[in-house]
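Trainee: Could you teach me how to read a protein model, one feature at a time?
Mentor: Gladly, let's look at it together.

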Amino acid sequence: MTSFNSEQELFKSLVEASPIPTAVYIGKDITIVAANQGMLKLWDKDASLIGLPVREAFPAASLQNLTAKLEQVSHSGINYHQENETVAFMIAGSPEGLHFSHTINILKDAAGNQTGMIQTLTDTTELVLARQKIADAEADLSSARTEEMKIKTELQRLGRMVDISEDFCNYCDLEGNTIYLNAAGLKLIGMDKKRMKSSNLFQYHSATSVQTIRDIIMPQLLRTGKWSGKLELTHQQTGEVIPIHKQFFIIREDITDRPIAIAGIARDLRPEVKAGKALDYKNTQLQIAIRELEFLANSVPVVVWTSDPQGQLDYINQRWYEKSPLPVKRALGNGWADTIHPEDEKRAWAAWRECLKTGIPYQIEFRLLDKFGEYRWWMVRAIALKDDNQHIIKWYGSNIDITEQKELEKQKDNFLGVASHELKTPVTSIKAYAQVMEMMFRRAGDTKNAELLAKMDNQVNRLSNLIGDLLEVTKINTGRLQLTLTKFSFNQMVEEVIEEVQRTALNHAIHKQLDFDREITGDKERICQVIINLLTNAIKYSPDSDHIILSTSGNEHQLQLSVQDFGIGIRADQQPRVFEQFYRVSGSREHTFPGLGLGLYISAEIIKHLNGKIWVDSAEGKGSTFCFSLPLLNQQ
Ligand code: ADP
């Protein structure tokens, strides 16, 4: 035992001398027989622990793990070694995980029997931390590398963009020496890539631009960091001066903000200049076209004008000056209307507004004041220019001075009035004499001469009808058509008219379909006149047929009368015109029909005065139906 004890002492002193925290244990209950200062310090205990079994020595939970490991090695007889084991020791009163290289080795005697265990805990915390630092640094480095890679790729991508950009992109130092010039830039100034590095800003700009760069751009760049505007490049081979739009930027060092280089982007302005020139040319052409149009407009003898879709005049030709007291400038817009005759004003505006709204052609006659203070009559016409969607773009109008024409019409009406009036008296006398003479011949038994005088009476009747028509027309045209309203039975009146006309119509039977039997208020004589006119026309223009149909219909609001014949008919395009004054359908057969072209005009005027409507429905060669309708309510 002594030897063992001395052996134990030896161990003890060895253990104590060891710079590594070391402890020695023996026996089944794992009694601590030796523990150096290093170990005691870790355990946070003093030497009083020595001689105690570990379970007693370390009741603290924090060292349970260590105890368990010692027990495990003692039982299994297998050494334990673990690098970088984290063990929680109480350091300055609080638990702290430290890293150790942990070894528990079995001690054996000469016979190989297990006598005890030696435990060493080599502190590797520093090492681990150092390694961690290295690992962190490595990680940092690699992430920095990835970042750098990213930036590099980004830059490469940007570089490629700049390379393939169609705009001139350059990069030079503060003296203007080229650092980089992209392919488009090289091409624009006709420079070889090899010569790029030795080139300079001042070399490939035009002389004036060089001046500008030196005097204006450089100082501004250093002051504000950027400049943009127009400059010129000089083509290195052809010498062509190329207009460009240039942007300069100062590049600064990240940290110091010191300017280190100048970047530039330039756009070739030649296409724009070319387009501008083409535009200028087009504009000149347009100006010429406008001048030509104006010349044309001024060369015609009428006033020509244009207006916007809202009806505001925006152009009036020179002819305006000849008659109007207003200068063109004042007549534009709605200015012209200041000179309109007060009686025509309302009518003219209503018509113009209606046309502006609907886009239908404008046609009207009105009076405008002239420079001599007189009113002149104008025939005003305008049509709308429309786009594909039928929206009005502009109105084109013309004013024709019809004062003289109106004057002539008035003279004609006066003449007709006077002439027919003067004719009427002798014709009435002739008629009276003819009738007296006819009577005398009959009494004397001279039937032959009596018949001749009857024929003469017939012709005199026709003559007096014609004179009557002319008188009527002059009355209408001078606004002297007067209506005498009475209450009468329409049906009865129609029957009487049919009877009267039938008496002289030898070849036609007048069939009647009378479905309107009311008393109406109207000018009986004039309505009779209209019906007689329609019936005599129907007979006159259907020489090859033998009958005519007169029908009436109506309700409490209006009546309608139609006269249908089966004669020569009227061509569709001529139908609306038959109601015009002196209008007669031109054609080979019509000349054989006598007439002045006044009957329908007079009829239409009478119906118009009675607030009614008159129209025709006809097919050439088949016959015509003339109709009129009259409102009843308004007449009551
Ligand atoms: P006119 O004295 O010539 O008959 P109107 O004013 O009565 O004058 O008629 C004008 C023109 O209308 C005629 O010249 C004729 O050409 C045409 N017209 C009138 N009535 C008929 C009809 N029933 N059938 C065919 N044509 C007609």
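Mentor: Helices (H or I, at least four residues) and strands (E, at least two) are DSSP runs, numbered from the N terminus. With that in hand, H99 can be placed in strand 4 (residues 94-108). Two notes on the source: this is a predicted model, where local features need pLDDT of at least 70, side-chain atom pairs count only at pLDDT 80 or more, and totals for chains, interfaces and linings use all residues. Residues are numbered from 1 along each chain as its sequence is written, and side-chain values use heavy atoms, with hydrogens and water left out.

Trainee: Is H99 buried or exposed?
Mentor: Buried means under 20% relative accessible area, exposed over 50%, and partly exposed in between (1.4 Å probe, protein chains only). H99 has 18% relative accessibility, so H99 counts as buried. By the same scale, Q72 is partly exposed, with a relative accessible area of 48%. Q72 is found in helix 4 (residues 64-76).

Trainee: Which residues does H99 touch?
Mentor: Contact means heavy atoms within 4.5 Å. Leaving out residues up to four places away in sequence, H99 touches N84, E85, T86, T122, D123, T124, T125 and V128. A polar contact is a pair of N or O atoms within 3.5 Å; within protein, one must be able to donate a hydrogen and the other to accept it, and residues adjacent in sequence count only if both atoms are side-chain atoms. The side chains of H99 and T86 make such a polar contact, at 3.5 Å.

Trainee: How do I read a sheet?
Mentor: Strands of a sheet pair through backbone hydrogen bonds, either parallel or antiparallel. Here, two strands pair if DSSP finds at least two bridges between them. One open sheet has five strands in the order 12-11-15-14-13, with antiparallel pairing. Strand 12 (313-316) and strand 13 (362-369) stand at its edges with a single partner strand each, so one side of each has no neighbour in the sheet.

Trainee: How many bridges join strand 13 and strand 14?
Mentor: Eight bridges, in the antiparallel sense, and strand 14 covers residues 375-386. R367 stands opposite W377 in strand 14.

Trainee: Which strands does helix 13 lie across?
Mentor: For the angles, axes are lines fitted to C-alpha atoms, for helices over the stretch in contact, and angles run from 0 to 180 degrees between N-to-C directions. Helix 13 (residues 342-358) lies across strand 11 (303-307), strand 13, strand 14 and strand 15 (392-401), at about 150 degrees to strand 13. Helix 14 (residues 403-443) lies across strand 13, strand 14 and strand 15, at about 125 degrees to strand 14.

Trainee: Which residues are closest to the ligand?
Mentor: A residue is near a molecule or strand if one of its heavy atoms lies within 4 Å of it. The ligand is surrounded by 20 residues, and the closest are N537, Y541, D565, R584 and L600. Helix 17 (524-540), helix 18 (599-609) and strand 22 (623-631) each supply at least two residues of this shell, and helix 17 gives the largest share, three residues. A polar side-chain atom of R584 lies 2.6 Å from an oxygen atom of the ligand. For K540, a polar side-chain atom lies 3.2 Å from a ligand oxygen atom.
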